[in-house]
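Visitor: I should like a close look at a single part of this structure, namely the metal site and its surroundings. Please take me through that part in one connected account.

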Amino acid sequence: MHALLRSTVLAVLIATPAFAAPENAGTIKATSKLPFQAQTVARFNLPWAIALIDADRLLVTTKPGKLFVVDRRGGDPIEVTGVPDVAYGGQNGLLDVALAPDFPNSRRIYLTYVEPGEGGSSLALARATLDEAEGKAQLGGFEVLWRQLPKGKGGQPGGIIAFSPDGQLLFLTVGDRMRPATAQDADLELGKVLRLTLDGKPAPGNPWADDGGARAETWTLGHRNPYGLAFASDGRLWLNEMGPKGGDELNLIEPGKNYGWPEVSYGDNYDGSPIPKPPTRPEFQEPALYWDPVIAPAGLAFYEGELFPAWKGSALIGGLKTQSLSRVTIDGTAAHEDERFAMGARIRDVAVAPDGAVWVIEDENPGRLLRLSPR
Ligand SMILES: [Ca+2]
């Protein structure tokens, strides 16, 4: 081959790799120079998830099984009655809370929790109305829409809810419950992202919609313990999940794809035994970025507010192990961790309010509910 042609071919090969290698963001240092002030609004025993009703009011779940309405303008949190019994312990308990897309009219909310029962426990998805009057709040018309069967042992429940941008569908993460092989078993709901109707049924148009059972509900598979799920403003769906030792991931979620757990991981098993790396098995989808060492990623929210203009379009991710809040820049399908803020406590969930403030909750007892606004 002519030398000039050969160098041109080489240059093209180098410039356009077949697979862009994901960034390892694990070694990024957290800064204690925070560009925000943190107002403590309330404290809870092991809070787990937050859902904003408006710029001032929000719902808070606690892992032991309580649900509260909080108003930052004053007054103590109001406990919502009618929450079901949950299987509380380790990573299990009352988990996510989300407002229905039509909440202003319907007053409906969705909850996930680990449900006790014969043979162990399992993840459940339920819906109810939030009925508020005279300083009291209760759940009305409570109904379980979906439950993972069969029940069994284990933590790592997943349980994160996200609604499609058009408000017509519900996406639900289901963890592997510490049974890794389930994530590759198409007949089980464990280790999957499910795409459901608002009534908890398999959504039309799913990749395996005609196959029935768990397959009909499945959108993606091969997940370990996904605690973050959110749509970016361009309609792309993103998920963060806890991997094994050194293998936390941020994934772009696309229908029918297999994200590889437990066949591949950038991490290794906790006993030190190696796991094959993703490039060795190109049939599995690579993460957009990974963390080694891990951050233990929890809540995920996209920032589209006005108070922090430099954060627009960024993913905000709570870190449990690193006690931090990460800001990840998303450019189409690529992700890069730009900043990590030292928060001094395990950050379990993140939400962005209509006024542009960022709310976070600490996974501690007591765990603070914080409202972040510019200094
Ligand atoms: Ca993976």
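Guide: A residue counts as buried when its relative accessible area is under 20%, as exposed when that area is over 50%, and as partly exposed in between. The model under discussion is predicted. By the cut-off just given, E249 is buried, because its relative accessible area is 7%. Y259 is likewise buried, with a relative accessible area of 1%.

These two residues supply the protein donors of the calcium ion: E249 contributes OE twice and Y259 contributes its O, at 2.3 to 2.4 Å from the ion. E249 belongs to strand β17, which covers residues 248-253, whereas Y259 is placed in the loop between β17 and β18 (289-291); the pair therefore ties together parts that are ten residues apart in sequence.

Both donor residues also appear in the lining of the largest cavity, together with G222, R224, E241, G243, P244, G247, W261, V264 and S265. The volume of this cavity is about 50 Å³, and the structure holds one cavity of 30 Å³ or more. Sorted by class, its lining comprises four nonpolar, four polar and three charged residues.

In sequence, E254 and K257 lie between the two donor residues, E249 and Y259. K257 and E254 form a salt bridge in which the closest N and O atoms are 2.5 Å apart. K257 is partly exposed, with a relative accessible area of 27%, and E254 is also partly exposed, with a value of 27%.

The salt bridge of K257 and E254 can be set beside others, as a search of the whole structure finds 24 salt bridges. One of them joins D363 to R346, with the closest N and O atoms 3.0 Å apart. D363 is found in the loop between β24 (358-362) and β25 (367-374), and R346 in the loop between β22 (334-342) and β23, so this pair ties together parts that are 17 residues apart in sequence. D363 is buried at a relative accessible area of 5%, while R346 is partly exposed at 29%.

The cavity may finally be set beside the largest pocket, which holds about 1,200 Å³ of space. Its lining consists of 43 residues, and F163, A230, A301, A351 and V352 lie nearest its centre. By class, that lining has 32 nonpolar, six polar and five charged residues.

Definitions and conventions: Residues numbered from 1 in each chain as written. Predicted model: local features only at pLDDT ≥ 70, side-chain atom pairs only at ≥ 80, totals over all residues. Heavy atoms only, no water. 1 Å grid on protein atoms, 1.4 Å probe; cavity = no way out; pocket = protein on both sides within 12 Å on 5 of 7 lines; lining within 4 Å. Points joined across faces, edges and corners; volume = space filled by probe spheres on them. Nonpolar A, V, L, I, M, F, W, Y, C, P; charged D, E, K, R; others polar. Donors = N, O, S within 2.8 Å, 3.2 Å for Na, K, Ca; no water. Helix = DSSP H or I, 4+ residues; strand = E, 2+ residues; numbered from the N terminus. Buried < 20%, exposed > 50% of the residue type's maximum accessible area, 1.4 Å probe, protein only. Salt bridge = Lys/Arg side-chain N within 4 Å of Asp/Glu carboxyl O.
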